[in-house]
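Please consider the sequence and structure shown below. The report that accompanies them concerns burial and salt bridges.

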Amino acid sequence: MTTLVINGRQRQLDIEPETPLLWVLRDELGLTGTKFGCGIASCGACTVEIDGVATRSCVMPIQALEGKTVRTIEAEPDRIVAALQAAWLQHQVPQCGYCQSGMIMAAAGLLRSQPRPNDADIAAAITNICRCGTYQRIVAAVHSAAAALQGVPA
């Protein structure tokens with residue numbers, strides 16, 4: 001039995017301990033906003049926040065999460081995620097949309113640790129893959145969200 005908090009709700013899960021968090025979210029809890037991409041923590045489509053840190057859920061065994069707090073794209077947006085979602089729309093980031101939940105969760109993790117990232121910080125922190133190639137829009141959206149959170153007009 002593993003006990004953790006997912007999107008503000010405590011969950012007790014009786015699941016094989018090595019089951020990746022991604023499959024717990026999608027198959028056991030019906031939280032399908034977190035996507036399966038590569039299955040080897042390379043593409044980032046499965047990114048969620050664990051205790052505020054962007055983490056690839058496809059390789060994170062549920063047994064490693066006892067007592068942890070998990071936040072997915074389905075969570076009620078806090079001020080950082082809300083700013084990112086607004087910036088995503090402002091810069092028309094989504095194309096096909098498949099990678100976007102992972103991108104936003106990776107960007108949220110970045111802004112929690114570094115409220116004013118530069119381009120290099122963004123490139124280092126958000127290594128997710130977007131098959132539509134919207135990388136420049138993502139960088140612009142992260143800068144806009146950071147500015148909005150600092151109270152600076154974008």
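The following paragraphs describe a helix, a loop glycine and a set of charged pairs in this predicted model.

**Helix α1 and the loop after it**

Helix α1 spans residues 21-28, and its buried residues are Leu-21, Leu-22, Val-24 and Leu-25. The cover over these buried residues includes strands β1 (2-6), β2 (9-13), β3 (47-50) and β5 (69-71). Gly-30, just after α1, adopts a positive phi of about 70 degrees.

Gly-33 belongs to the loop between α1 and β3. Its relative accessibility is 15%, so Gly-33 counts as buried under the 20% cut-off. Beyond its neighbours within four places in sequence, Gly-33 contacts Ile-73, Glu-74 and Ser-101.

**Salt bridges**

The whole structure contains five salt bridges. Three of them are listed here.

| Pair | Closest N to O distance |
|---|---|
| Arg-71 and Glu-49 | 3.8 Å |
| Arg-112 and Glu-49 | 2.5 Å |
| Lys-68 and Asp-51 | 3.8 Å |

Glu-49 is buried, with a relative accessible area of 1%. Arg-112 lies in helix α3 (residues 100-113) and Glu-49 in strand β3, so their salt bridge ties together parts that are 63 residues apart in sequence. Arg-112 is partly exposed, at 30% relative accessibility.

Lys-68 forms a salt bridge with Asp-51. This pair links distant parts of the chain, with Lys-68 in the loop between β4 (53-56) and β5 and Asp-51 in the loop between β3 and β4, 17 residues apart. Lys-68 is partly exposed at 31% relative accessibility, and Asp-51 is partly exposed at 44%. Through shared partners, salt bridges join Glu-49, Arg-71, Asp-78 and Arg-112 into one network.

Key: Residues are numbered from 1 along each chain as its sequence is written. This is a predicted model: local features need pLDDT of at least 70, side-chain atom pairs count only at pLDDT 80 or more; totals for chains, interfaces and linings use all residues. Side-chain values use heavy atoms; hydrogens and water are left out. Buried means under 20% relative accessible area, exposed over 50%, partly exposed in between (1.4 Å probe, protein chains only). Helices (H or I, at least four residues) and strands (E, at least two) are DSSP runs, numbered from the N terminus. Contact means heavy atoms within 4.5 Å. A salt bridge is a side-chain nitrogen of Lys or Arg within 4 Å of a carboxyl oxygen of Asp or Glu.
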